[in-house]
Amino acid sequence: MQNHGIKKIVLAYSGGLDTSAIIPWLKENYGGCEVVACVVDIGQDREDLKGVEQKALRSGASECYVVDAREEFISDYVYPVLQTGALYEGSYLLGTSMARPLIAKALVDVANKVGADALCHGATGKGNDQVRFESTWAALAPHLKVVAPWREWNLRSREALLDYLKERDIPTTATLEKIYSRDENAWHISTEGGVLESPWNAPNKDCWVWTVDPQEAPDQAEQVTVTVKQGKVVAVNGEAMSPFKCLETLNAIGSKHGIGRIDIVENRLVGIKSRGCYETPGGTIIMAALRGVEQLVLDRDSFKWREQLGLEMSYVVYDGRWFAPLRKSLQASAESLAEEVNGEVVLQLYKGQVTAIQKKSPNSLYSEEFATFGEDEVYDHSHAGGFIRLFSLSSRIRALNELKK
């Protein structure tokens, strides 16, 4: 036992195997310090939250705070990112990445409340989450010390963790059979490990949790109407709801049609490639709705800029730089573009696919008069010649110079 000068630690607690072992480990290795568990409810499985306070106390925590951040997560973290259109490496909807800064911020709030002098997370030394937690703490609470057990202890396997708890008579529902690593919140669920560790293995049924196999989804397509205001979903099928309720409703509809499954190999920030199966049913529908309205409202240069914002934002969020000035700057630009992104979209869901089949907006720049292939009186085709001549002028001059040579 070492004396690190730490008297009280706030731990990001989930009730899972790792954090159950971290509580006694901290008390044993940090001079008998007091451990306060903090559970942040961002829409994960309700069963995981059942009895979580008692579980933390049985593991040795002096207190356990459960913070309900479901609405905050969707309205203040997910919706702003969606305005930018961010997709990490073209397909990942950033479910874990958006959640970590919120959890980290909640821990700082609890630490300030209880007078803690340190913060602790259960992220491994191989992943992105350690960076996201600690970057947030650096920005919000640089005076607090950080403890990262996975970078210190010698418990390197599931078996070792189970044995550690058994020796201390601390109950756990974890078993050796639970071979997959999962992260769940209101926005998505991810699955890693097991058969997925080899990219040559196709995912089996155990790799998918929320969504129906698209091949087994209903043979009848379903249509859902989404209302968008300033780049945010405000109603589903004509019923106004909070951001969290909109997502919850769309998750239920999308899951039964197998919407939002991706199987990807991604580049982690720490340099390791990892493979995971992600399910984001409601989020996939929302993204399709927002992009549908944008197609009507944003002019060509604005749309191009929004895409650039989305690309940059995907890396900023993935890398855990939520509280950095760059993220705020990107967000301000996206909010400006989204001011007129208002409208309604009808989406068709069918066997894993989402298709926007109807869209309208009071701010639409689409004009049937200009776009028609029929006869019109508003567009003079002869004007195009002069435009093309000016548009291609530099190419023309370059070619003439070549001819002179």
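## Domain arrangement and interface

Over residues 8-171 the chain is 49% helix and 15% strand, and the C-alpha atoms at the two ends of this stretch lie 24 Å apart. An unreviewed UniProt entry assigns residues 8-171 the feature "domain: Arginosuccinate synthase-like N-terminal". The model discussed here is predicted.

The protein is divided into domain 1, residues 6-165, and domain 2, which is made up of residues 188-297 + 339-358. Taken over C-alpha atoms, the centres of domain 1 and domain 2 are separated by 26 Å.

The computed values for the interface between the two domains are as follows.

| Property of the domain 1 and domain 2 interface | Value |
|---|---|
| Residues of domain 1 in contact with domain 2 | 22 residues |
| Residues of domain 2 in contact with domain 1 | 30 residues |
| Area buried between domain 1 and domain 2 | about 2,100 Å² |
| Share of the buried area from carbon and sulfur atoms | 63% |
| Salt bridges across the interface | zero |
| Residue pairs in polar contact, both at pLDDT 80 or more | ten pairs |

On the side of domain 1 that touches domain 2, three helices each supply at least two residues: α4 (70-84), α5 (95-114) and α6 (129-140). The largest share of this side, seven residues, comes from α4. By class, the side of domain 1 that touches domain 2 comprises nine nonpolar, nine polar and four charged residues. Although charged residues are present on this side of domain 1, the rule finds zero salt bridges across the interface with domain 2; ten residue pairs are nevertheless in polar contact between the two domains.

Methods: Residues numbered from 1 in each chain as written. Predicted model: local features only at pLDDT ≥ 70, side-chain atom pairs only at ≥ 80, totals over all residues. Heavy atoms only, no water. Domains from an automatic or database assignment. Contact = heavy atoms within 4.5 Å. Buried area = accessible area lost by both parts, 1.4 Å probe. Salt bridge = Lys/Arg side-chain N within 4 Å of Asp/Glu carboxyl O. Polar contact = N/O pair within 3.5 Å; in protein donor to acceptor, adjacent residues only side chain to side chain. Helix = DSSP H or I, 4+ residues; strand = E, 2+ residues; numbered from the N terminus. Nonpolar A, V, L, I, M, F, W, Y, C, P; charged D, E, K, R; others polar. UniProt positions renumbered as here; feature names shortened; annotations may be inferred.
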